[in-house]
Amino acid sequence: MRSLYVPAVFLLGACCCNKEAVLTPVPPPLAPVTAPVQSAIVAPMDDVYFAFDRSDLSPNAQSQLRANASWMSSNSDAKVVLEGNCDERGTTEYNMALGERRAISAKEYMVSIGVNPDRMSTISYGEERPLDPGHNETAWAKNRRVHFRVK
Amino acid sequence: MRSKKFSITVSAVVLFSLFFLPFLLRAEEANEYIQIRKQGASRISVALDRTSASGGRESEWAKTLDTTIHNGIEFTGLFNLMPAPLNMRSAQDGALNFGALTSVGAEIYTGGTVSKKSGMVNLDMAVYDAVSGKQLLRKLYTGQESQLRPIGQQFCADLVELLTGKRSVFGSKIVFVSNRTGSKEIYMCDFDGQSVVQLTSSKSISLSPALSSDGRYLAWTDYASGWPDLHIKNLSTQTSVSVSKQGVCIAPRWRNGTDECAVTLSFEGDQEIYLVKPNGQISRRLTYSRGIDVSPTFSPDGSRMAFVSQRSGGPQIFIQEMQSKSASRLTFSGTYNTQPAWSPAGNKIAYSSWQKNGEINIFVVNADGSGLLQLTSGANNNESPSWSPDGSMIVFSSSRLGKKRLFVMNADGTNQRALMQSDGDQQQPFWSNIR
């Protein structure tokens, strides 16, 4: 909004004086006293990762979830879908169920640290939507994730 | 009154004798044949003669029929096929030269003639025992020109039934998932991979197709709504219902002897198996165990269900009695056993096992846990086994050639080969009953 403020003032100034349009440069307004917008400081939500065939949360996962919860509280209107995913190994049907357990595991932790459950829905994509199409442990580790998608 | 009833009865007996006794006699002879064969270990050698025809059109038909019959019999993997010797028929009277057959080791000879009658295809086929010269079968097949394949396969089914007592796979279909359009959709093909038809076009993700045993309903998981819903389609009326419960609706399988479908739902807070009616209504809940319960498959009489459960840690296969709901563990070898498929022909269960060396391979075990047999190895990942309706073959998805492709093999693991050429990945095959 601030970026629009200055040109708008120029425009208003130009409209007021019909004959001799002397455009006096308006000094830029002082920085507003209100606190800076939170989203500039709080990092956007990131993926949470899981060990192979597991849906429990490692310390790193919990830490990321706390950061995600922080974003949620700074963006109190936001609703998110927690998308559970698996790597390509293992079998399709079992991975569907495992992906869901990961999403629910993440959601339950978020609820436990104060995020309103009504703001979060869960879905599993099993192994159907890998982030990294590679066939190695690096790719697989990236795919064993819950992704937070803002609606 | 009495005399009328009497004469009707006599007529009935006479008619019965005239029509049915000859067939009964033939069946008896065939049974003797089958018994003798069972004792032998080697495959029966069958000589398929070219079908005779006169006329351009008929000759084209003969070629198609010969290819269909040869490919069909070969597909079963049950016989040692050879072309018939050239000097089979006597030039003078058309009599069959059985000596020529036995000299090349043929035990069974088939041959016939195709002609056109009222625009229809008429295939007159005969099967002989090469050693005795006895005719084992003589049958006329008719149909439209567009039905040459089914006509040829009808003969194949009759020949295989004659020699083994079972009609093999002819007439059955396979449904599967392919992403050749760019998204995963459900397709159907004939047992031999021919005549592929696209069944869904959700342009989203469609998974885990399963046909009911009467072939009437197709069930599958579809993300068309944005969520993984269970879809049930009546294939004759082409109408669908969907089950959209909170959570997943995955891995449907129909319960034999009923019209109900078992599926994993998680709307009550955990992934459990439920029975669902064809109209989408939930019938009842089957499992009550914390952790994943998924991938049901039923015994031929529908009284038992094998499924995957996390209840003892990693995924293992369990068998539950439908009546008592008591479950016991089936698999103890390996740490990740999933995708069970119960043979329609008896008490064998095929499944995939993820092994320490990173391969996923297909195993078969008896329902009582005995007779564990590994069917694939050294060929990347081999998943989603599904039995042919007669239990003689297994279709599965293999990544041994790079992309995932459908493969078939005999139930003992021999003769593994790709089912079809197609773009994209092919997965999750399900082999229907013969209709």
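## A residue after a helix

Which residue takes a positive phi just after H2(B)? Here, in a predicted model, that residue is Gly77(B), with a phi of about 65°.

## The helix itself

Let's back up to H2(B). This helix covers residues 56–76 of chain B, 21 residues in total. From the first C-alpha to the last, H2(B) reaches 31 Å, close to the 30 Å you'd expect at 1.5 Å a residue.

Plenty of names turn up on the buried list for H2(B): Trp61(B), Ala62(B), Leu65(B), Thr68(B), Ile69(B), Gly72(B), Ile73(B), Phe75(B) and Thr76(B). As you look at that list, keep a general rule in mind: an α-helix has 3.6 residues a turn, so residues three or four places apart point the same way.

What do the buried residues of H2(B) pack against? Their partners in chain B are four strands, namely E1 (44–48), E2 (79–83), E3 (108–117) and E4 (120–129), along with helix H4 (148–164).

## Chain B in domains

Now zoom out. The domain assignment splits chain B into domain 1 (22–164) and domain 2 (173–431). Take the C-alpha centres of domain 1 and domain 2 of chain B, and you'll find them 36 Å apart.

## Over to chain A

Chain A has 151 residues, and 34% of them count as buried. Its secondary structure comes to 4 helices and 4 strands. Starting at the N terminus, the elements of chain A go α-β-α-β-α-β-α-β.

How about contacts along the chain? Take those in chain A between residues at least 6 apart in sequence: 69% of them join residues at least 24 apart.

Terms used
Residues numbered from 1 in each chain as written. Chains lettered and ligands numbered in written order. Predicted model: local features only at pLDDT ≥ 70, side-chain atom pairs only at ≥ 80, totals over all residues. Helix = DSSP H or I, 4+ residues; strand = E, 2+ residues; numbered from the N terminus. Expected span 1.5 Å × (residues − 1). Buried ≥ 20, exposed ≤ 12 C-beta atoms within 10 Å, placed from the backbone. Contact = placed C-beta atoms within 7 Å. Domains from an automatic or database assignment.
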